[in-house]
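Q: I have just opened this one and would like some help finding my way around. Could we go through it step by step?

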Amino acid sequence: MISFGVFETFGAGLLILGFGYLLSKLRIFSVLCLPAAVLGGVFALSVLVLFSYFFELKISFDESPKESLLLAFFASLGLGIDFSKKSNFSKNFFIFLGLCTFIMVLQNLLGITIISLFDKQKELGLIAGSISLSGSFGMGAFWSQVLKTEPHNITNALDISIACATFGVLFGSVLGAPLGAFLIEKFVLKKENSRFESKEKSHSQKELGTELGNALVLFFSKKELKNTIISVLLLAFCVLCASVIKLFISLPAIIFALIFAFMLRVLCYFFGVNLAHKNLALLGNFCLALFLALALMSIDLKALLDIGLPLFVLLCLELVLMLFFVFFITFRVFGRDYEAALLSAAQCGLCLGATPIALANLEKLELRFFSSKSALAILCLSGVFFIDFINVLVIWLFLSFV
């Protein structure tokens, strides 16, 4: 057993992310539109599994860097808001939220139906439904405490939820962006038939698509050095405040990071303080990519292998349901245009994995094709502030009837 500390874990994440970036240049992965973090994370996970199986060598990683990286990413989103551009996304936001609620209900209905055929407790269907898929690890940990008690008495609820969430994260990462790319190319969704305001790649997206050397030149350029320092300091302040407040209020820290960042962005706007938006985009997306690489390489596949046949069959059917729903409902409800493809890929990551997975899928598609401020705003607002609360209500209603 080898345990990696904070610095070793961070260094390993950088190496894996760099290797994933090299893999993403291969034609097969470029066509599939898989993010570099996903490629690197899955490759590292495969290597670790082989080491564990053949050499009985297990490596554990420090979990603390992941939360800070995620907080930094969401803080960069809040600080990077551009008040000079307006985005009409209110109607699409409520539609997207309604579709996500609908798929959560379908996940639970399918879970209860299939698990009943195997003569198992119906609560297991909820664990393999919206608790672990739309809710991911956090929601699974919360509800497992409830399901361990009377009258449910599922003593291994936490282990099952971790395995189901692992399944969702893996397939939400691997399938989301390729699905979006397939829809864009199959229906030839070029920029002229998209509804959103940005017809070309934004400057930040262009920079994000350049080589690492050009990105470093931009980040440390003398022209924006002052703005970059201010931006990084504000970013660090948001991460620190969110981490402290989380100790006193039982809500996800990313909510506080986004709120603090938005408040600071408003103050900067009114007082005329300029921020380095390009550098914030670079730094934020780097933090997201590194978080995703660390999250994937830290997955416990043993829990997934021990899940059992009934739950494995159910999870496969949940995956089919998600792909069917995204392709035949979400994509068509939003008008079968470019933004519809982006939101479909985002929903695949959001309702199978988690908000960071959905954001990574969206970022990869925007880097390859075109950017959409509207799609990003819809995903952030729904994924950070509303999805979990709606999911809690849906689960509570199902548990009441079960």
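Q: Which helix has the lowest mean pLDDT among the elements of the chain, and which has the highest?
A: This is a predicted model, and among the elements of its chain the lowest mean pLDDT, 40, belongs to helix H9 (residues 203-208), while the highest, 93, belongs to helix H15 (residues 309-333).

Q: And what is the mean pLDDT of the chain?
A: The chain has a mean pLDDT of 81, with 87% of its residues at 70 or more.

Q: Where does pLDDT stay under 50?
A: That is the case over residues 191-211, and for this part the model has 50 contacts beyond four places in sequence.

Q: OK, stepping back, how many helices and strands are there?
A: The secondary structure of the chain consists of 18 helices and two strands.

Q: What share of the residues is buried?
A: Of the 402 residues in the chain, 51% are buried. As for what the chain does expose, the area is about 19,000 Å², and 70% of that is supplied by carbon and sulfur atoms.

Q: What about contacts, how much comes from residues 24 or more positions apart?
A: If one takes the contacts in the chain with a separation of 6 or more, residues 24 or more positions apart account for 82% of them.

Q: Let's look at one helix, H7. What should its residues span, and what do the end C-alpha atoms give?
A: Helix H7 covers residues 136-147, and its twelve residues should span 16 Å at 1.5 Å a residue; the end C-alpha atoms are 16 Å apart, so the two values agree.

Q: Which residues of H7 are buried?
A: They are Ser136, Met139, Gly140, Trp143, Ser144 and Leu147. Looking down the axis of H7, one finds these buried residues within an arc of 135°, which means that they line one face of the helix.

Q: What covers them?
A: The cover over the buried residues of H7 includes helix H6 (122-131), helix H8 (157-186) and helix H18 (373-401).

Q: You listed Ser136 there; why does it count as buried?
A: Ser136 counts as buried because its relative accessibility is 8%, which is under the 20% cut-off.

Q: What does Ser136 touch?
A: Leaving aside residues up to four places away in sequence, Ser136 touches Ile131, Ala165, Val169, Gly353 and Ala354. With Gly353 there is also a pairing to look at, since a polar atom of the Ser136 side chain lies 3.4 Å from the backbone oxygen of Gly353.

Q: Switching to H17, how many of its residues are buried?
A: Twelve of the 14 residues of H17 are buried, and the helix is thus mostly covered. Among those buried are Pro356, Asn361, Glu363 and Lys364. Helix H17 (residues 355-368) reaches 20 Å from its first C-alpha to its last, close to the 20 Å expected at 1.5 Å a residue.

Q: Last topic, Ser231. Where is it placed, and what does it touch?
A: Ser231 has its place in helix H11 (residues 225-245), where it is buried with a relative accessible area of 2%. Not counting residues up to four places away in sequence, Ser231 touches Leu79, Leu275, Ala276 and Leu280.

Q: And Cys241, buried or exposed?
A: Cys241, which is also found in helix H11, is buried, with a relative accessible area of 16%. From Cys241 to Phe260 the C-alpha to C-alpha distance is 7.9 Å, and the two are 19 residues apart in sequence.

Conventions. Residues numbered from 1 in each chain as written. Predicted model: local features only at pLDDT ≥ 70, side-chain atom pairs only at ≥ 80, totals over all residues. Heavy atoms only, no water. Helix = DSSP H or I, 4+ residues; strand = E, 2+ residues; numbered from the N terminus. Buried < 20%, exposed > 50% of the residue type's maximum accessible area, 1.4 Å probe, protein only. Contact = heavy atoms within 4.5 Å. Areas by Shrake-Rupley, 256 points an atom, 1.4 Å probe, with all protein chains shown as cover. Expected span 1.5 Å × (residues − 1). Arc of directions from axis to C-beta. pLDDT = per-residue confidence, 0-100. Polar contact = N/O pair within 3.5 Å; in protein donor to acceptor, adjacent residues only side chain to side chain.
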